[in-house]
Amino acid sequence: EEGLEKIKTIGDAYLAVSGLPEEVEDHASRCVKAAKKMLTLLEKRNEKSGIKWHLRIGIHSGPITAGVVGKKKFTYDIFGDTINIASRIETAGEAGKINVSAYTYDLIKEQFPCEYRGKIDVKGKGELDMYFVQ
């Protein structure tokens with residue numbers, strides 16, 4: 001519905017991207033909208049289920065490299081520091097919340113209220129400013 005493209009699952013993590021294969025101006029807000037929908041659906045599911053699932057969401061924006069990899073079995077994948085930072089943003093988040101980087105915050109701050117979390121120490125990246133989307 002928001003036009004995100006699922007790239008892959010990695011264990012219990014789900015990697016999706018907005019703005020591929022076609023570039024879109026509002027890629028960051030599309031990600032936040034999709035994240036909000038995912039959290040709402042999970043809340044509804046948990047109301048009826050004895051087993052409660054929890055979701056932690058991290059969003060970062062920036063340049064990536066995309067392409068097809070493989071010789072016998074082809075897979076579309078994305079690479080680059082933006083992907084690594086997005087993973088770290090997710091890890092530094094909290095269940096039931098959408099954690100975004102300062103770069104993504106700058107792209108969405110007019111549409112979504114956010115709470116500044118401060119500088120959070122991130123493995124291999126030092127301290128990064130992070131925000132929770134309200």
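In the predicted model, isoleucine 98 has an extensive list of partners: leaving aside its neighbours within four places in sequence, this residue is in contact with Val32, Ala35, Lys36, Leu39, Ile57, Ile59, Tyr131, Phe132 and Val133. Several of these names recur in the largest nonpolar core, which has 13 residues. Within that core, the residues that touch the most other members are Val32, Ile57, Ile59, Ile98, Val100, Ile108 and Val133. Two or more residues are given to the core by each of the elements α1 (27–48), β3 (57–59), β6 (98–101) and β8 (126–133). The greatest share comes from α1, with five residues.

Charged side chains were examined next. The count of salt bridges comes to eight. One of them joins arginine 56 to glutamate 90, with the closest N and O atoms 2.9 Å apart. Arginine 56 is located in the loop between α1 and β3, whereas glutamate 90 belongs to helix α2 (residues 81–91); the pair therefore ties together parts that are 34 residues apart in sequence. Arginine 56 has a relative accessible area of 37% and is thus partly exposed, since values between 20% and 50% fall in that class.

A further salt bridge is formed by the side chains of glutamate 94 and lysine 97, at 3.6 Å from N to O. Both partners can be placed in the class of partly exposed residues: glutamate 94 has a relative accessibility of 38%, and lysine 97 has a relative accessible area of 32%. Aspartate 106 and lysine 109 also form a salt bridge, in which the closest N and O atoms are 3.7 Å apart. Here aspartate 106 is partly exposed, with a relative accessible area of 47%, and lysine 109 is likewise partly exposed, at 39% relative accessibility.

Nonpolar side chains also occur at the surface. Val68, Phe74 and Tyr76 make a nonpolar surface patch of about 330 Å². Of these residues, valine 68 is placed in strand β4 (residues 65–69). The relative accessible area of valine 68 is 58%, so this residue counts as exposed, the cut-off for that class being over 50%. Valine 68 thus contributes to the surface patch, while another valine, Val32, is among the residues that touch the most other members of the largest nonpolar core.

Technical notes. Residues are numbered from 1 along each chain as its sequence is written. This is a predicted model: local features need pLDDT of at least 70, side-chain atom pairs count only at pLDDT 80 or more; totals for chains, interfaces and linings use all residues. Side-chain values use heavy atoms; hydrogens and water are left out. Patches are made of residues with over 30% relative accessible area and no salt bridge: like charges are joined within 9 Å, nonpolar side chains (Val, Leu, Ile, Met, Phe, Trp, Tyr) within 5 Å. Accessible areas come from the Shrake-Rupley method with a 1.4 Å probe; for residues, only the protein chains shown count as cover. A salt bridge is a side-chain nitrogen of Lys or Arg within 4 Å of a carboxyl oxygen of Asp or Glu. Helices (H or I, at least four residues) and strands (E, at least two) are DSSP runs, numbered from the N terminus. Buried means under 20% relative accessible area, exposed over 50%, partly exposed in between (1.4 Å probe, protein chains only). A nonpolar core is a set of buried Ala, Val, Leu, Ile, Met, Phe, Trp, Tyr and Cys residues joined through side-chain atoms within 4.5 Å. Contact means heavy atoms within 4.5 Å.
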